[in-house]
Amino acid sequence: DFGRSLGLRLLQAGHAVVFGSRSPENASLIPKEAQVFGHVDAAQMSRVIFVAVHRENYEFLGQFSSELAGKVLVDVSNNLKLDQYPESNAAHLQSLVPAAHVVKAFNTVSAWALQ
């Protein structure tokens with residue numbers, strides 16, 4: 001929900017938006033003004049990437065860490081429980097993609113507030 005809501009707001013502000021999806025052909029809920037590609041292609045054409053998936057799903061990002069090198073990855077996630085993991089989600093993301101620039105943002109904004 002958050003990725004879709006943020007993407008819509010960015011489109012409304014005049015920015016080009018590209019979504020990465022494991023199944024781009026089935027991405028029917030994405031705003032029609034946005035482009036949808038597989039993860040690797042989307043990463044290659046983007047400078048700033050909003051990582052709008054749960055921490056439990058971060059592992060797939062390591063598979064194309066070379067395409068993410070030098071990119072800004074914005075971690076928007078929150079854990080479901082306090083002290084659920086020994087390190088923050090952003091620190092974990094940085095360990096998976098060490099050549100990227102990870103920042104934490106928007107985690108206090110709900111998808112509903114963006115709509």
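This briefing covers the pockets and the cavity of the structure above. The model is predicted. Its largest pocket has a volume of about 1,300 Å³, and the second largest pocket holds about 330 Å³. The count of cavities of 30 Å³ or more comes to one.

**Largest pocket**
- The lining of the largest pocket is made up of 38 residues.
- Nearest the centre of this pocket lie Val 18, Phe 19, Gly 20, Phe 50 and Ala 52.
- Two helices, H1 (2-12) and H2 (39-44), and two strands, E1 (18-20) and E3 (48-51), are the elements that each give two or more residues to the lining.
- Helix H1 provides the largest share of that lining, with six residues.
- By class, the lining of the largest pocket has 25 nonpolar, nine polar and four charged residues.

**Second largest pocket**
- The second largest pocket, at about 330 Å³, is lined by 14 residues.
- Phe 2, His 54, Val 76, Ser 77 and Asn 78 are the lining residues closest to the centre of the second largest pocket.
- Eight residues of this lining are nonpolar, five are polar and one is charged.

**Cavity**
- The largest cavity encloses about 50 Å³ of space.
- Its lining consists of His 54, Arg 55, Glu 56, Asn 78, Asn 79, Leu 80, Gln 84, Tyr 85 and Asn 89.
- Five of the residues lining the largest cavity are polar, two are nonpolar and two are charged.
- His 54 and Asn 78 line the largest cavity and are also among the residues closest to the centre of the second largest pocket.

Notes
Residues are numbered from 1 along each chain as its sequence is written. This is a predicted model: local features need pLDDT of at least 70, side-chain atom pairs count only at pLDDT 80 or more; totals for chains, interfaces and linings use all residues. Side-chain values use heavy atoms; hydrogens and water are left out. On a 1 Å grid over the protein atoms alone, a cavity is a set of points where a 1.4 Å probe fits but cannot get out, and a pocket is an open set with protein on both sides within 12 Å along at least five of seven lines; lining residues have an atom within 4 Å of a point. Grid points are joined across faces, edges and corners, and a volume is the space filled by probe spheres set on the points. Helices (H or I, at least four residues) and strands (E, at least two) are DSSP runs, numbered from the N terminus. Ala, Val, Leu, Ile, Met, Phe, Trp, Tyr, Cys and Pro count as nonpolar, Asp, Glu, Lys and Arg as charged, and the others, Gly among them, as polar.
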